[in-house]
Amino acid sequence: MRVVVPISVGGWARLFSRWDILAILLVLGLLVFLGEASRHLFEPLIELEKQPPSLDPRHLPEYAARTTLRMLIAMVLSLIFTFTYATLAAKNKRAERILIPLLDILQSVPILGFISVTVIFFMELAPGRVLGAEFAAIFAIFTSQAWNMAFSFYQSLRTVPTELTEASRCFRLNPWMTFWRVDVPFAMPQLIWNMMMSMSGSWFFVVASEAISVGHTTVTLPGIGSYIALAIDRQDLRAVGWAIGAMLIVILIYDQLLFRPLVAWADRFRFEQEAGVLPPRSWVFNVLRRSRLVDRATRPCGLLWRRSLRANWLTPRPMVKPLPRYRAGWISFVWDAAVLTAIVIALLLLTRFAAQGVTPADFGTTLLLGLATLTRVLVLIAIASVIWVPVGVWVGTRPRVANAVQPVAQFLAAFPANLLFPIFVSVIVAWRLDPNIWLSPLMILGNQWYILFNVIAGAAAIPAEMRAVGDNLHVRGWLWWRRIALPAIFPYYVTGAITASGGSWNASIVAEVASWGNEHLHAAGLGAYIAHETELGDFHRIVLGIATMSLYVVVVNRTFWRPLYHYAERKFRLG
Amino acid sequence: MTETLLDIHELRQSFPRADGGEHLVLDGINFEMPQGQIVGLLGRTGSGKSTLLRLIAGLARPSAGSVMYLGQPVVGPPPGIAMVFQSFALFPWLTVLENVQLGLEALCLPEAEIRQRALAAIDLIGLDGYESAYPRELSGGMRQRVGFARALVVHPNILLMDEPFSALDVLTAETLRTDFLELWGEGKLPIKGVILVTHNIEEAVLMCDRIILFSTNPARIINEIKVDLRQPRNRLDPQFRELVEKIYVAMTARKTAPAPIGTAGERTATIDTVLPRVSANLLSGLIETLAAPPFNGKADLPVLADELHLELDELFPVSESLQLLHLAEIEGGDIKLSDAGKQFAESGMDDRKKLFQRELLTYVPLAAHIRRVLQERANHVAPRSRFLDELEDHMSTEDAEGTLRAVTAWGRYAEVYAYDDDSGTFSLENPS
């Protein structure tokens, strides 16, 4: 499976276009707006009325179900977002120019930053406090899922083969039918792969989103996440074990009941068939497909569905590429006006924000702390690469091993860093280690697997003939790595490293601050800064921290990862 | 009943070029299409035939001129014009039946009628039993049959075919052509006219009632040939051969008026000549074949094409490159080795390179230009972009890219200069 990079890599001729600047303004403006709108509510918030959460494992099934439900709802929202946002970006040039930079900036905003800023806003939106907190949690999970799905869908839509587009136009399919008959099927395999990745990734944030505390407001929603938080707070190792078990079961159920059937079903949508690859199988999918009951139950829906595709209220588009004319002037006027207004509002909010309460010293501090976190991310990626590239190549060139390793790595990718707090904190305290160094591995814990995944995929994609040539010429040892293995996996590796880097920045908010019972450890870094200010409820500094982190992520992406990606694509892409 | 299906008037298509000018693809195209004809559009790849077909299908808009279908201007894909694609363009996620039904679903017909018509089309085109198969389970020939069924099922007045047989192997293509002609001849097809785009001369003579010949760069109609032979036609029939020969002659005729952009078909190249991308290996291969018996230095192009199993499309760029380098001459459908060409054939590797170097520097001004620039520079290095920009002032970005690639490859073979792709620079040094 060709993996999609989770950042925008188009238009690499320039580092930043004016659309990027606009996107940055809009995102920052939105953050400030959400925060401002809820700032005065920070203090007088009443504690949630709730049963006190319990560590009794008997509650775990219920907690697991609630967490699962949240993730599912977030997934549905992410899908809706993907289908609308990415489609608009892919089909409309005007919208694309702003939507894609916007998406790129959005994905750089740390997810926990979204929680800190939006939780009060959402709680105010809903009449009942619990419902508001649910909204906030679901929104946080959504932000951890949606961006990469939207990127994947957008990139798929842009690569629909011309002949298919032409055929669909030639046979006068209406836009609705084209979307469901051509665009979605074509994008489906990649989208499902990204949904799986998103699901894994969002586990990491479930813990954070179910037990939120901003200033004096503490929100605890019943779920596996809050269970883990409580277990850590109470130093209950057994409960941590139970939580791990429950997670494992939920992930397994997801895999068997949802993703495996989806992958098996989506196999028909694959555009090119790789030779020698067995089609994915799923017992659930087979049962569903063969069951007469299911068939009978779904047939009316299918009929209705097809009828909706044939609906003639959507007449075929007359032309996709109209001649450049000055008509449709008012649409462009309204659009420009809307973008302009949004930018002016964002600018106003930002200047007012900068004028209040943020000193130049604060800027300096966050920039320095960002540098510390940046160093950590880069060093960790380097270390993880040294470990996982050889392992990935070894596994990838052995299909049987690869099949066994994939699901394990997938589970590990979903493993929230918090669950390892007990070990890390105890060891660091017992041996009096420097938390600045020894807390860092927590950042890469969940993200190193993306490097492994991609390297495995890359190694598996090395053509058998190329490997045969190597054997034939007795290319062995270091020469084999240098001339065959490393160049072949390089594009895949870069994709994995980009994903891991983004994830590590995100994880720093959790990983630079660790606690186990009464032991609280801090590393100096931007993640710890945001976490600390969130605890204090200092809205200005939260936004400042988030903005600085986004800035770092975007700059590193544009100056380092994007050029590297293009270099890899140009030089090492096979075929 | 001779109602005009299609009337194309002064059609012109151009795309904006980097330097602000325009790149002309189609120019001054006029023709009418009455009912009951198979019309062939014959020309080389890149001659704009496919662009013309897309204009007729309403998939693109012309820069000037008009396409009238049944008296109505075409402004979007009109109902009643269906297309068969070179690469089949089947939807891999739909079964054969669903693929065929697609066009009918778009017409918002009732479910029962859709099914009945789709099954009838599948039956007609010989796909019985494959209804529930996915395209990937089918062979190329069967896939193209689905392509035909999908187009025919909507009962179009005009069937557009964009090189429908060129992605198939020879035998399969022949079977499919014969089947199609049989159905057409028996009047079993629900269509009133066919437009077939091809670069295969024999295919055109075999299938068409009328063949329209196109020049390249930009595409203009250079000739129109009526084919009065009775179906089924026999490739070995002397009249058939005569027509094929006649078309070859027409396609290799020297241009009467100089085209605005130089093409490789002209006698001598200038710096802004669009060069065909032909490898030096192919050039020497053709020279060797021509020098050896049975040709002994001179060959009839159709015979040569047959001998080498090359299509028009593949043979023309090679022979024209030879002409450009003055290694051979083309006239009246014949190709003849020049003295330099004969000498090339007799030489060993090193002498060949020297000879090629001489021809290249003498007759391809662009190669000489690159070498001169490199010699003039102190470090003997120049970036590729320098020459690309220069070319783009004279031709489309695509052509500039292709031309530079061609001249890079030839220069490398002749060791006139070296090129390093990593840094994108030309230099005079050869890696030691």
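**Figure 1. Chain A meets chain B in this predicted model.** The contact joins 25 residues of chain A to 24 residues of chain B. Two helices of chain A, helix 6 (162-170) and helix 7 (175-210), each supply at least two residues of the side that touches chain B. Helix 6 of chain A gives the largest share, with 6 residues. By class, this side of chain A holds 14 nonpolar, 3 polar and 8 charged residues. For the complex, the predictor reports an ipTM of 0.75 and a pTM of 0.80.

**Figure 2. Chain A in overview.** Look for 22 helices and 4 strands in chain A. The chain has 575 residues, and 45% of them count as buried. Now take the contacts in chain A with a separation of 6 or more. Of these, 81% link residues 24 or more positions apart.

**Figure 3. Two domains of chain A touch each other.** The domain assignment splits out domain 1 (59-271) and domain 2 (357-575) of chain A. Their centres, taken over C-alpha atoms, lie 21 Å apart. Domain 1 of chain A brings 31 residues to the contact, and domain 2 of chain A brings 34. Several elements give two or more residues to the domain 1 side, among them helix 3 (93-108), helix 4 (111-125) and strand 1 (211-214) of chain A. Helix 8 (224-233) of chain A is another element in that group. Helix 9 of chain A gives the most to this side, with 7 residues. The classes on the domain 1 side are 19 nonpolar, 10 polar and 2 charged residues.

**Figure 4. An open sheet in chain B.** Six strands line up in the order 6-7-8-3-9-10, and their pairing is mixed. Strands of a sheet pair through backbone hydrogen bonds, either parallel or antiparallel. Which strands form the edges? They are strand 6 and strand 10 (221-226) of chain B, and each pairs on one side only. On average, neighbouring strands of this sheet are turned by 20° against each other, direction ignored. Helix 1 (residues 49-56) of chain B lies across strand 3 (38-42), strand 6, strand 7, strand 8 and strand 9 (210-214) of chain B. This helix runs at about 150° to strand 8 of chain B.

**Figure 5. Strands 6, 7 and 8 of chain B side by side.** Strand 6 and strand 7 (residues 158-162) of chain B pair in the parallel sense over 4 bridges. Here Met83(B) stands opposite Leu160(B) in strand 7. Strand 7 of chain B also runs parallel to strand 8 (residues 193-198) of chain B, and 5 bridges join the two. In this pair, Asp162(B) stands opposite Val197(B) in strand 8. Are the faces of strand 6 (residues 81-84) of chain B covered or uncovered? Both faces are covered. Ile81(B) and Met83(B) are buried on one side, and Ala82(B) and Val84(B) are buried on the other.

**Figure 6. Close-up of Ile211(B) in strand 9 of chain B.** Why does Ile211(B) count as buried? It counts as buried because 24 other C-beta atoms lie within 10 Å, and the cut-off is 20 or more. Leave aside its neighbours within four places in sequence. Ile211(B) is then in contact with Gly40(B), Leu42(B), Ala204(B), Ile225(B), Val227(B) and Ile247(B). Glu376(B) is another story. Ile211(B) and Glu376(B) are 165 residues apart in sequence, and their C-alpha atoms are 51 Å apart in space.

**Figure 7. Two domains of chain B in contact.** The assignment gives domain 1 (4-252) and domain 2 (280-427) of chain B. Their centres, taken over C-alpha atoms, are separated by 34 Å. At the contact, 15 residues of domain 1 of chain B meet 13 residues of domain 2 of chain B. Helix 7 (residues 238-252) of chain B gives the largest share of the domain 1 side, with 5 residues. That side has 6 nonpolar, 5 polar and 4 charged residues.

**Figure 8. Confidence along chain B.** The average pLDDT of chain B is 86, and 94% of the residues score at least 70. Over residues 256-266 of chain B, the pLDDT is below 50. This stretch still has 23 contacts in the model beyond near neighbours in sequence. Where pLDDT is low, the predicted coordinates should not be read in detail.

Definitions and conventions:
Residues numbered from 1 in each chain as written. Chains lettered and ligands numbered in written order. Predicted model: local features only at pLDDT ≥ 70, side-chain atom pairs only at ≥ 80, totals over all residues. Contact = placed C-beta atoms within 7 Å. Nonpolar A, V, L, I, M, F, W, Y, C, P; charged D, E, K, R; others polar. Buried ≥ 20, exposed ≤ 12 C-beta atoms within 10 Å, placed from the backbone. Pairing = 2+ DSSP bridges. pLDDT = per-residue confidence, 0-100. Axes fitted to C-alpha atoms, helices over the stretch in contact; angles between N-to-C directions. Domains from an automatic or database assignment.
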